[in-house]
Amino acid sequence: MSVLELDMVSVAYGAVPALEHIDGRVEEGEAVALIGPNGAGKSTLIRAILELVPLAAGTITVLGATPARARRDVAYVPQADTLDPQFPISVGEVVLMGRYRRIGWLRRPKAADRTAAREALERVGLADRARDRFGTLSGGQRQRVLLARAIAAEPRLLLLDEPFNGVDAVSEQALLDAIAALKSDGAAVVISTHDLAMAHLTCDEVCLLNRRQFGFGPTDATLTPDNLRATYGGHALELRGDQVVVTS
Amino acid sequence: MIEPFTLPFMQRALIELLILGALAGTVGVLVLLRRMAFMTDALTHTVFPGVVLGFDLAGQDGIFWGALVAAALTAVLLTALTRHRAVSSDTALAVLLTTFFALGVVIVSRRSGYTADLTAFLFGRILTVAPAQLAQTGWVAALVIGTLAVLRRPLLAATFDPEGARAAGYRVDVLDLVVNLLVALVVVASVRAVGTILVIALLIVPAAAARILSARLALIIPVAAALGALAGWAGLAISYDASLHHGLRLASGGTVVLTLVAFYAVALVTAKTVPALRSLRRRAPVRAS
């Protein structure tokens with residue numbers, strides 16, 4: 001059973017099509033990069049996998065069920081800069097949110113919940129910052145905290161929205177390590193990015209998107225100059241060794 | 001500061017203000033974190049025609065129910081108006097606020113004794129609180145605090161990161177509606193005592209002062225509740241003392257609000273000057289529910 005199956009998925013905002021005929025699957029321990037220019041529909045596809053936008057056509061299957069039914073096994077990492085840095089909440093409290101669905105509404109967090117939160121924070125290298133206020137951390141560190149929150153939920157499918165945007169080198173490496181660890185634990189990972197080099201580093205597969213799908217498959221075979229030129233439209237592209245350069 | 005409260009009507013006023021101060025302080029933290037100050041302000045104005053009509057139809061007892069109907073109507077109209085993409089929610093709020101408030105003024109202006117009534121509706125009548133009204137306030141407080149306690153985790157998740165909360169399966173739209181209704185309930189419960197204009201101060205100022213003093217939610221909420229209750233007691237005592245011993249007739253509701261603002265000013269100065277508070281603001285605890 002695939003962790004994620006996209007079967008001719010189309011999404012529209014009103015009469016305007018945002019995504020058309022996206023088709024592919026992601027297996028256990030695999031990572032796929034959603035690649036495309038801004039406005040290509042990368043975030044829309046992630047929202048569709050979370051069942052936050054309705055499908056115009058096609059089906060999405062997560063772990064053999066509808067996305068809503070599989071929600072407990074799916075974790076989502078938003079972009080850190082969408083959150084209010086003034087919010088009075090500690091790093092430890094943010095990570096513990098990843099356990100909320102397990103804790104429930106009324107009972108207190110169990111030792112297992114606190115252990116999971118602490119270990120998740122260790123995985124992203126921020127165990128010593130648990131007591132600090134979330135907003136006092138750097139952008140890259142905040143992104144790591146949000147990944148730790150997702151890890152604490154023990155997901156089998158992890159969705160990340162542009163996790164490397166404006167992230168410093170140290171945090172980037174910490175994110176990469178944590179994602180690699182999750183993969184080796186058997187989780188499937190979907191990362192939206194417009195950073196082709198990061199896609200190369202983290203992902204086994206890529207999905208080239210610009211409203212529709214321009215390729216879905218193993219990274220090396222799919223990230224070809226022709227495919228990229230088709231995806232990015234008029235922009236010229238060069239592949240130098242394993243480095244990809246996009247010029248406009 | 002205890003002497004005035006040997007009189008039964010002053011005791012009732014004190015209990016009413018202690019409950020309302022603590023309740024509004026607590027709910028105010030939510031208003032602050034969700035940046036709902038303008039929405040709350042609009043709500044305090046839109047209940048006005050309900051207050052007037054309720055009083056017309058059923059006297060003092062009608063005020064609560066009139067305000068409740070108007071508040072519910074506001075929530076519904078607001079949701080409907082903001083469905084239109086062309087109208088932003090602050091525009092819709094401004095339209096609703098002025099419409100309802102004007103409606104209230106028109107209704108009240110038909111009455112004889114226009115000015116005295118208007119003053120009572122706008123600034124409240126804390127000194128004429130009846131025992132039944134106290135009980136009503138108590139029930140509202142229990143309902144609101146109980147709901148907040150049960151929903152604390154979903155509310156925290158949805159307030160901090162709405163999209164993440166949606167992704168985790170929380171019904172964020174329902175939670176938003178619940179928060180709006182809770183705020184409306186507090187406004188409605190406070191209106192008779194402190195009037196439509198001063199409710200907003202009870203909701204916003206204690207929470208804002210508490211936020212200045214701490215970055216820990218587990219501290220902000222009790223501090224806001226305590227400041228609200230404290231201002232209720234001090235404001236009432238000061239206005240009584242000024243009227244009785246100094247020949248100064250100070251409106252109780254207004255004095256309570258000015259006391260709150262004084263707390264806020266003290267919080268601002270303290271936070272800037274006391275180093276221990278600065279570090280408290282930066283560090284937050286790892287243990288939380």
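This report describes a predicted model of two protein chains, beginning with chain B, moving to its contact with chain A, and ending with selected side chains and backbone angles.

## Chain B

Chain B is built from 13 helices and 0 strands, and its order along the sequence therefore reads α-α-α-α-α-α-α-α-α-α-α-α-α. Of the 289 residues in chain B, 52% are buried, while the accessible surface of this chain comes to about 12800 Å², with 71% of that area belonging to carbon and sulfur atoms. Among the contacts in chain B with a separation of 6 or more, 76% are made by residues 24 or more positions apart.

One residue of chain B illustrates such a setting in detail. Thr137(B) sits in helix H7 of chain B, which covers residues 131-150, and it counts as buried because its relative accessibility is 1%, under the 20% that marks the limit for a buried residue. When residues up to four places away in sequence are left aside, Thr137(B) touches Glu16(B), Ile19(B) and Leu20(B).

## The interface between chain B and chain A

The contact draws 32 residues from chain B and 35 residues from chain A. Between the two chains an area of about 3300 Å² is buried, and carbon and sulfur atoms give 58% of it. Across this interface there are 10 residue pairs in polar contact, with both residues at pLDDT 80 or more. On the side of chain B that touches chain A, the elements giving two or more residues are helix H8 (152-160), helix H9 (162-167), helix H11 (217-245) and helix H13 (275-282) of chain B. Of these, H8(B) gives the most, with 7 residues. Sorted by class, that side of chain B has 17 nonpolar, 4 polar and 11 charged residues.

The interface also holds 3 salt bridges. One salt bridge between the chains joins the side chains of Asp161(B) and Arg149(A), at 2.6 Å from N to O. Another joins the side chains of Arg47(A) and Glu163(B), at 2.1 Å from N to O, and this pair crosses from helix H1 of chain A (residues 42-49), where Arg47(A) lies, to helix H9 of chain B, where Glu163(B) lies. The two partners fall into separate exposure classes: Arg47(A) is partly exposed because its relative accessible area is 24%, whereas Glu163(B) is buried because its relative accessible area is 18%.

## Salt bridges in the whole model

Over all chains the count comes to 16 salt bridges. The table lists some of the pairs, with the N to O distance of each.

| Side chain | Partner | N to O distance |
|---|---|---|
| Asp161(B) | Arg149(A) | 2.6 Å |
| Arg47(A) | Glu163(B) | 2.1 Å |
| Asp185(A) | Arg123(A) | 2.7 Å |
| Arg129(A) | Asp132(A) | 2.6 Å |

The salt bridge of Asp185(A) with Arg123(A), at 2.7 Å from N to O, links distant parts of the chain, for the two residues are 62 residues apart. Asp185(A) lies in the loop between helix H6 (169-184) and strand E7 (188-193) of chain A, and Arg123(A) lies in helix H4 of chain A, residues 111-123. With a relative accessible area of 55%, Asp185(A) is exposed, while Arg123(A), at 36% relative accessibility, counts as partly exposed.

In the pair formed by the side chains of Arg129(A) and Asp132(A), the acidic partner Asp132(A) counts as buried because its relative accessibility is 6%. Elsewhere in chain A, a network of salt bridges links Arg99(A), Arg107(A), Asp113(A) and Glu154(A).

## Backbone angles in chain A

Two residues of chain A deserve a look at their backbone. Leu63(A) has a positive phi of about 50° although it is not a glycine, and this residue lies in the loop between strand E4 (57-62) and strand E5 (74-77) of chain A. Arg211(A), which is likewise not a glycine, has a positive phi of about 70°, and it lies in the loop between strand E8 (205-210) and strand E9 (212-218) of chain A. As to exposure, Leu63(A) is buried because its relative accessible area is 13%, whereas Arg211(A), with a relative accessible area of 42%, is partly exposed.

Methods
Residues are numbered from 1 along each chain as its sequence is written. Chains are lettered from A and ligands numbered from 1 in the order in which they are written. Side-chain values use heavy atoms; hydrogens and water are left out. Contact means heavy atoms within 4.5 Å. Buried area is the accessible area (1.4 Å probe) that two parts lose on being put together, summed over both. A salt bridge is a side-chain nitrogen of Lys or Arg within 4 Å of a carboxyl oxygen of Asp or Glu. A polar contact is a pair of N or O atoms within 3.5 Å; within protein, one must be able to donate a hydrogen and the other to accept it, and residues adjacent in sequence count only if both atoms are side-chain atoms. Helices (H or I, at least four residues) and strands (E, at least two) are DSSP runs, numbered from the N terminus. Ala, Val, Leu, Ile, Met, Phe, Trp, Tyr, Cys and Pro count as nonpolar, Asp, Glu, Lys and Arg as charged, and the others, Gly among them, as polar. Buried means under 20% relative accessible area, exposed over 50%, partly exposed in between (1.4 Å probe, protein chains only). Accessible areas come from the Shrake-Rupley method with a 1.4 Å probe; for residues, only the protein chains shown count as cover.
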